[in-house]
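Welcome! Please take a moment to look over the sequence and the 3D structure, and then follow the points below with the model open beside you.

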Amino acid sequence: MRTQVGILGAGPAGLTLAMLLHREDIDCVVLETRDRAYVEKRVRAGLLEQNTVDLLRELGVAERLDREGLEHNGIYLRHGGVNHYIDMTALTGRHITIYGQQEVVKDLTNALLSRGVPIHFEVGETNLHDLESESPRITYEREGEILELTCDAIAGCDGFHGVSRPTIGEHLTEYEYVYPFGWLGILAEARPATDELIYAWHERGFALYTMRSQSISRLYLQVPADEDIENWPDDRIWHELKTRLGSVNEGKIFDKGITPMRSFVAEPMQYGRLFLAGDSAHIVPPTGAKGLNLAVNDVRLLAPALAGLIKNGSTRRADGYTTAALRRVWRAQDFSNYMTQMLHDLGGGPFQRQLQLARLGYVAHSEAAAHSLAENYVGLPAEPEF
Ligand code: APR
Ligand code: PHB
């Protein structure tokens, strides 16, 4: 079989890339190891930058997002039992939208299948070959058969645990920091007790109050990285959330899990005709929810690079892909790390806590500091100058 672009992974990066390529009349095939139901149910963060929403609208996949997404104009930073409002829209003229990542994935999957773009779920044994040639190949197993897909280029959108990055591992420099804590996240049938997201600093650790709808709350607690979810019966979770967040509406918990936190970047994001995008190339801690937005931004840069390569044989944008993508990735790494360091118990004792409170007080009361946080939070331009 032959296609122009073979895409590994049906997450936000792979699916958005497929939509962008389809718009350019470039053929692609998406290969995904998991089944469709699994991919569409996987609970992840749910905060979209305005840039991301704008792109989904441009691609014609925002009908449900426009109906069900919740627009937010600011956040509360909570410390000392008080919520301080950061008015993002007043500071930047932009806003963010709450809409679950799996909802974005469902909308993209439906749009692609209805346009006849093939997505093959439940493939196995994906291997990449001839990446240095102009006809790289993917071999994979599907329904017991070994198949081969010859492409003009391959997009490795297969997440942090995929095969793309390890395949070219010897050509990459990897930068990594693993945090000694993670987030315990729940979804609950409860009306959110807040109008905006609350990022809470507390001596017992960070907590975040977010939501999915008027009747579904999403809440997170900082816990040790090696924590066992079995140690967290529902009443302990609610008690801890109330301690850290103040007023919280309780309801039936229907999803709970612990996610470890890391910062990771692989460089370059290309080797031969293989291009990495999204979590396969970089991971940010979830404080600020940049993961999906970075993945979408990568493919916003990658699609024209692939179009240039395939339609005109021009390597100019493809050669510049790593530099353009990584500039924004490192900016987001710094911002996500800054939010994480400001809000979590870092284990540094009273001195570190006082530094955090000084920083929080500064952001809460200085417009210059708040403006810096806000412009990063709502999302920087696709190709920022810095
Ligand atoms: N072949 C094909 N698909 C694979 C392979 C493989 N060898 N290995 C993994 N996959 C699939 C995974 O099952 C997953 O569905 O690749 C997909 C990668 O999707 P994501 O992990 O969602 O990554 P990405 O599309 O880059 O989106 C980044 O995801 O992790 C979150 O919070 C993060 O919001 C960010 C977003
Ligand atoms: C979420 O709604 O899941 C969310 C929001 C903001 C974050 C992280 C996660 O910083």
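Let's begin with ligand 1, which has 23 residues around it in this predicted model. The closest are Glu-32, Arg-42, Arg-44, Gln-101 and Asp-279. After that we will visit ligand 2, some aromatic rings and two loop residues.

**Around ligand 1**

- What kinds of residue make up the shell around ligand 1? By class, there are eight nonpolar, nine polar and six charged residues.
- Two arginines reach ligand 1 with their side chains: a polar side-chain atom of Arg-42 lies 2.7 Å from an oxygen atom of the ligand, and a polar side-chain atom of Arg-44 also lies 2.7 Å from an oxygen atom of ligand 1.
- Ligand 1 on its own would expose 710 Å², and the protein buries 89% of that area.
- Two elements, α1 (12–23) and α9 (291–312), each give two or more residues to this shell.
- Of the elements, α9 supplies the largest share of the shell, with three residues.
- Ala-13 joins in through its backbone: an N or O atom there lies 2.9 Å from an oxygen atom of ligand 1.

**Around ligand 2**

- Which residues come nearest to ligand 2? Of the 15 residues around ligand 2, they are Tyr-199, Thr-210, Arg-212, Tyr-220 and Gly-288.
- The side chain of Thr-210 has an N or O atom 2.8 Å from an oxygen atom of ligand 2.
- Tyr-220 also uses its side chain, placing a polar atom 2.7 Å from an oxygen atom of ligand 2.
- Pro-286 makes its approach with the backbone, where a polar atom is 3.1 Å from an oxygen atom of ligand 2.
- How much of ligand 2 does the protein cover? Taken alone, ligand 2 has 280 Å² of accessible area, and the protein covers 100% of it.

**Aromatic rings and charges**

- The model has eleven aromatic pairs.
- One of them joins Tyr-199 and Tyr-377 edge-to-face, with 5.9 Å from centre to centre and 85° between the planes.
- This pair links distant parts of the chain, as Tyr-199 belongs to strand β14 (residues 197–200) and Tyr-377 to helix α12 (residues 367–378), 178 residues apart.
- Are these two tyrosines buried or exposed? Both Tyr-199 and Tyr-377 are buried.
- Ring pairs bring Trp-183, Tyr-199, Phe-206, Tyr-220 and Tyr-377 together in a cluster. Tyr-199 and Tyr-220 from this cluster are also among the residues nearest to ligand 2.
- Tyr-377 has a charged partner too: Lys-290 lies over the face of its ring, at 6.0 Å from the ring centre.
- Elsewhere, the charged end of Arg-236 sits over the ring of Trp-232, 3.6 Å from the ring centre.

**Two loop residues to find**

- Gly-162 is in the loop between β12 (153–156) and α7 (164–167).
- Why does Gly-162 count as buried? Its relative accessible area is 18%, and buried means under 20%.
- From Gly-162 to Leu-245 there are 83 residues in sequence and 36 Å in space, C-alpha to C-alpha.
- Ser-280 sits in the loop between β19 (274–276) and β20 (282–283).
- Ser-280 counts as buried because its relative accessibility is 0%.
- A polar atom of the Ser-280 side chain lies 2.8 Å from the backbone oxygen of Gly-156.
- The side chain of Ser-280 also reaches the backbone oxygen of Ala-277, at 3.3 Å.

Note on methods: Residues are numbered from 1 along each chain as its sequence is written. Chains are lettered from A and ligands numbered from 1 in the order in which they are written. This is a predicted model: local features need pLDDT of at least 70, side-chain atom pairs count only at pLDDT 80 or more; totals for chains, interfaces and linings use all residues. Side-chain values use heavy atoms; hydrogens and water are left out. Rings of Phe, Tyr and Trp (its six-membered ring) pair if their centres lie within 6.5 Å; planes under 30 degrees apart count as stacked, over 60 as edge-to-face and the rest as tilted. Helices (H or I, at least four residues) and strands (E, at least two) are DSSP runs, numbered from the N terminus. Buried means under 20% relative accessible area, exposed over 50%, partly exposed in between (1.4 Å probe, protein chains only). A charge sits over a ring if NZ of Lys or CZ of Arg is within 6 Å of the ring centre and within 35 degrees of the ring normal. A residue is near a molecule or strand if one of its heavy atoms lies within 4 Å of it. A polar contact is a pair of N or O atoms within 3.5 Å; within protein, one must be able to donate a hydrogen and the other to accept it, and residues adjacent in sequence count only if both atoms are side-chain atoms. Accessible areas come from the Shrake-Rupley method with a 1.4 Å probe; for residues, only the protein chains shown count as cover. Ala, Val, Leu, Ile, Met, Phe, Trp, Tyr, Cys and Pro count as nonpolar, Asp, Glu, Lys and Arg as charged, and the others, Gly among them, as polar.
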